[in-house]
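Here's a walk through one protein model, meant for someone who likes to check the details in a viewer. Have the coordinates open and follow along.

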Amino acid sequence: MISSHAVRLTATTAIAAILACAPFTIAQAQDAAPAAQPWLNKDLSPDARADAALAAMTQEDKLTLVFGYFSTNAPWFTAGTKRFEFPKDGLPNSAGYVYGIPRLGIPAQWETDAGVGVATQRSPTPRLRTALPSGISTAATWDPGMAFAGGQMIGNEARLSGFNVQLAGGVDLLREPRNGRNFEYAGEDPLLAGVIDGNEIKGIQSNHIVSTLKHYAFNDQETDRNMIDVKIDDKAARESDLLAFQIANEVGQPGSVMCSYNRVNGYYACENDWLLNQVLKQDWGFKGYVMSDWGATHSTVAAANNGLDQESGWAFDRSAYFEGALREAVNNGFVPQSRLDDMARRVLYAMFAHGLVDDPVQGDKADTIDYAAHAKVTQADAEDGIVLLKNDKGLLPIAKTAKKIVIIGGHADFGVLSGGGSSQVYAEGSKHFDGEGPDGFPGPLTYYASSPMKGIEARTSAKVSYLDGKDVKAAAKAARGADMVIVFGTQWTGEGMDVPDLNLPDNQDALISAVAKANKKTVVVLETGGPVVMPWLNNVGAVLEAWYPGSSGGEAIARVLTGEVNPSGHLPATFPASVDQLPRPKLDGDPKLGPDTHPHTDYDIEGAAVGYKWFDKKGLKPLFPFGYGLSYTAFQLGGLSAQADGKGLKASFSVKNTGAKDGKEVAQIYVAPATDAGWEAPKRLGGFVKADLKPGESQTLTASVDPRLLGTYDSASKTWTIKAGDYKVMLATSAADIAQTVTVHLDQQTLNVQGK
Ligand code: BGC
């Protein structure tokens with residue numbers, strides 16, 4: 001991934017650097033010559049403004065907009081004696097910088113990672129910001145409003161940190177539970193992932209900055225991510241991963257899409273005509289710009305002509321493909337001038353459409369961030385994403401009578417785990433423990449200073465003690481005689497690596513088994529990147545999946561454990577019983593392969609039958625099904641009716657809280673053809689609603705099912721077709737717990753590629 005080619009400071013760079021130094025403000029530019037600079041007229045449409053600005057640009061201006069720099073010094077990058085140093089107007093230790101055109105009032109682009117907040121590249125002095133729970137945790141809330149609120153909060157911190165492009169919005173489907181980046185994404189279902197991610201993007205962009213839908217597409221494993229070639233046919237692709245991107249794009253309207261590292265059907269994603277020109281731009285009508293992932297550009301002519309609009313993060317690539325080489329390629333006619341114009345225009349369009357020009361960022365204003373308010377946002381998100389997986393005999397919430405609680409492992413006396421890599425947010429007090437995790441990227445393995453133990457101590461009168469769990473015998477001994485034992489099971493995952501299996505690492509399964517043997521009242525709290533197996537499940541009393549719960553995550557866990565908050569998260573991904581149940585029991589590729597190899601993986605094995613769809617189709621019983629989650633109260637779902645509605649259908653149903661506590665239930669609507677209609681799997685999630693109910697309260701709710709989820713995609717005609725016939729509509733609390741089913745007749749429908 002990391003190139004050792006020369007940093008070439010060509011004329012483009014030099015001119016851009018000079019222009020970037022010229023003092024100016026947007027306000028001055030607007031006041032000075034509004035008539036001569038019509039693109040600064042807010043009353044015009046973003047399209048008209050982009051056209052006008054483009055018309056005023058020189059060739060060098062256009063080239064400036066399509067070439068981005070890494071905004072961190074890169075000691076790993078040497079060209080002779082030269083080191084890569086980030087542009088002086090970039091923000092230190094951040095992801096990227098693209099020069100602006102001050103003469104025209106077009107600001108620079110300051111780019112920051114990522115989906116859980118404002119990240120910092122590894123540095124002794126990271127910026128300290130609020131971290132949301134992991135993306136998969138937010139997906140586990142099944143609450144689009146929560147995703148929006150989280151996005152709005154981190155977008156505000158990005159803006160006040162001086163950034164106007166946030167590289168957030170990871171929606172790659174969880175096809176592979178061992179993927180080290182599952183924590184950044186939103187689970188395995190295209191509807192849930194698309195809606196959650198789209199809302200996060202919308203929230204971020206409400207701050208007048210651009211957000212970036214990524215990693216487009218099929219970057220579903222980290223092993224060999226820079227060269228693995230994913231094989232998948234068009235139909236299966238459009239009904240699975242691409243549908244997640246399509247929905248997220250419709251909901252979130254991101255200014256930018258980031259193409260991924262991997263190849264798809266033989267071509268790198270960042271020079272893939274099918275993905276970029278045909279699907280994204282032509283079929284979905286995406287008007288923003290495609291930026292490459294850092295080090296994912298592999299050519300000039302092929303990349304430009306096949307749809308890449310902006311090369312990112314120089315000096316990650318092997319060559320500065322969109323710098324001097326692109327100028328040459330346009331001069332020589334290999335890349336049409338109209339294409340370079342389109343590339344620059346797309347960047348401009350996104351900047352106008354999302355307010356980057358009208359409401360420019362004002363540099364570093366981080367001292368004005370309302371961290372106290374933001375802590376509440378991330379805590380609420382974490383609380384609603386925690387999933388109660390098991391609770392025998394009402395072991396949780398912690399009994400008021402408990403006198404002695406023993407807490408074991410996971411640095412629960414200090415805080416909670418976070419995921420590693422470019423998305424790493426450092427928060428006030430966050431800490432790396434010596435000897436844990438890799439020395440380099442995607443480390444440092446980082447814990448946030450939000451202690452579940454302290455949160456429990458503050459809420460109970462019990463005597464609470466802590467052991468790190470390294471000595472299994474001592475842990476089991478301490479567990480004996482306690483009123484409750486809470487073991488924290490952690491699995492650190494990070495960018496650039498997958499986990500070898502789904503077991504908790506470092507002997508933790510043995511630790512949990514030994515503790516559970518010593519005391520039946522053992523609760524396991526998991527902090528994992530995604531699904532794990534639980535060989536000790538039958539022997540423990542309760543299990544909470546808390547994911548990576550963000551910088552207020554310890555408080556969130558404590559509030560759920562003590563019953564101050566009733567858990568309401570539901571799994572956004574199937575937890576398999578073993579890797580043998582997966583389409584690929586062994587991951588394809590090999591971490592030891594070099595960059596010039598060409599490994600393959602075949603997604604046509606499962607096609608669009610990702611996650612629960614695969615399990616349904618194969619009749620496999622997972623450890624925990626997609627959509628699963630318990631509560632401290634009880635709910636009754638019923639009164640289901642459904643009818644055709646527009647080109648899709650609408651379901652109406654009721655949810656009643658029949659227990660004694662306030663609580664939230666995730667009502668799920670699954671759909672299935674009554675007779676074979678050529679679907680990839682027996683059923684699909686068609687809709688969902690999260691209802692907040694007082695004891696005894698009942699609500700009547702509705703969910704509309706998008707017609708694409710009732711049909712199949714035809715590649716030749718680029719249409720979705722709903723077959724005439726009977727369809728089952730199921731009201732459920734998980735993919736395996738169906739409360740009620742009704743049948744509805746649908747007429748034949750044909751929809752265009754956008755599902756309309
Ligand atoms: C990651 C992207 C990230 C970029 C910039 C890459 O390694 O894959 O998600 O936005 O770096 O830091």
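Let's begin with the lining of the largest pocket, whose residues split into 12 nonpolar, 11 polar and 6 charged. Keep in mind that this is a predicted model. There are 29 residues in that lining, and the ones nearest the pocket's centre are E436, T490, P505, D506 and Q508. As for secondary structure, β19 (484–490) and α17 (508–518) each contribute at least two lining residues. The volume of this largest pocket comes out at about 700 Å³.

Now turn to the ligand. Which residues come nearest to the ligand, out of the 14 around it? They are D113, R181, H215, D293 and E495. By class, the shell around the ligand holds 5 nonpolar, 3 polar and 6 charged residues.

Some polar distances are worth pulling up in your viewer. E495 puts a polar side-chain atom 2.5 Å from an oxygen atom of the ligand. For R181, a polar side-chain atom sits 2.7 Å from a ligand oxygen, and for Y261 the corresponding distance to a ligand oxygen is 2.9 Å. How much of the ligand's accessible area does the protein cover? On its own the ligand has 310 Å² of accessible area, and the protein covers 96% of that.

Next, the strands. A quick reminder before we look at them: strands of a sheet pair through backbone hydrogen bonds, in either a parallel or an antiparallel sense. One open sheet here has 4 strands in the order β11-β10-β8-β22, and its pairing is mixed. Why does one side of β11 (267–268) and of β22 (600–602) lack a neighbour in the sheet? Both strands stand at the edges and each has a single partner strand, so one side of each is left without a neighbour there. At the β11 end, β10 (residues 263–264) and β11 run antiparallel and are joined by 2 bridges. To find that pairing on screen, look for R263, whose bridge partner in β11 is Y268.

Further along the chain, strand β28 (residues 712–714) pairs with strand β29 (residues 719–722) in the antiparallel sense, over 3 bridges. D714 has T719 of β29 as its bridge partner. The hairpin made by β28 and β29 has 4 residues between the strands, and in this hairpin K718 takes a positive phi near 50°. β29 has another antiparallel neighbour too: 3 bridges join β29 to strand β32 (residues 749–751). In that pairing, T721 is matched with T750 of β32.

That positive phi leads nicely into backbone geometry. As a rule, most residues other than glycine have a negative phi, and most peptide bonds are trans. H208 is not a glycine, yet its phi is positive, at about 60°. You'll find H208 in the loop between α7 (190–205) and β7 (210–216).

There are cis peptide bonds to look at as well. L396 and P397 are joined by one, with omega at about -5°, and P397 has its place in the loop between β14 (387–391) and β15 (404–408). The bond from F441 to P442 is also cis, with omega near 5°. P442 lies in the loop between β16 (416–417) and β17 (447–448).

Terms used. Residues are numbered from 1 along each chain as its sequence is written. This is a predicted model: local features need pLDDT of at least 70, side-chain atom pairs count only at pLDDT 80 or more; totals for chains, interfaces and linings use all residues. Side-chain values use heavy atoms; hydrogens and water are left out. Two strands pair if DSSP finds at least two bridges between them. A residue is near a molecule or strand if one of its heavy atoms lies within 4 Å of it. A polar contact is a pair of N or O atoms within 3.5 Å; within protein, one must be able to donate a hydrogen and the other to accept it, and residues adjacent in sequence count only if both atoms are side-chain atoms. Accessible areas come from the Shrake-Rupley method with a 1.4 Å probe; for residues, only the protein chains shown count as cover. Ala, Val, Leu, Ile, Met, Phe, Trp, Tyr, Cys and Pro count as nonpolar, Asp, Glu, Lys and Arg as charged, and the others, Gly among them, as polar. On a 1 Å grid over the protein atoms alone, a cavity is a set of points where a 1.4 Å probe fits but cannot get out, and a pocket is an open set with protein on both sides within 12 Å along at least five of seven lines; lining residues have an atom within 4 Å of a point. Grid points are joined across faces, edges and corners, and a volume is the space filled by probe spheres set on the points.
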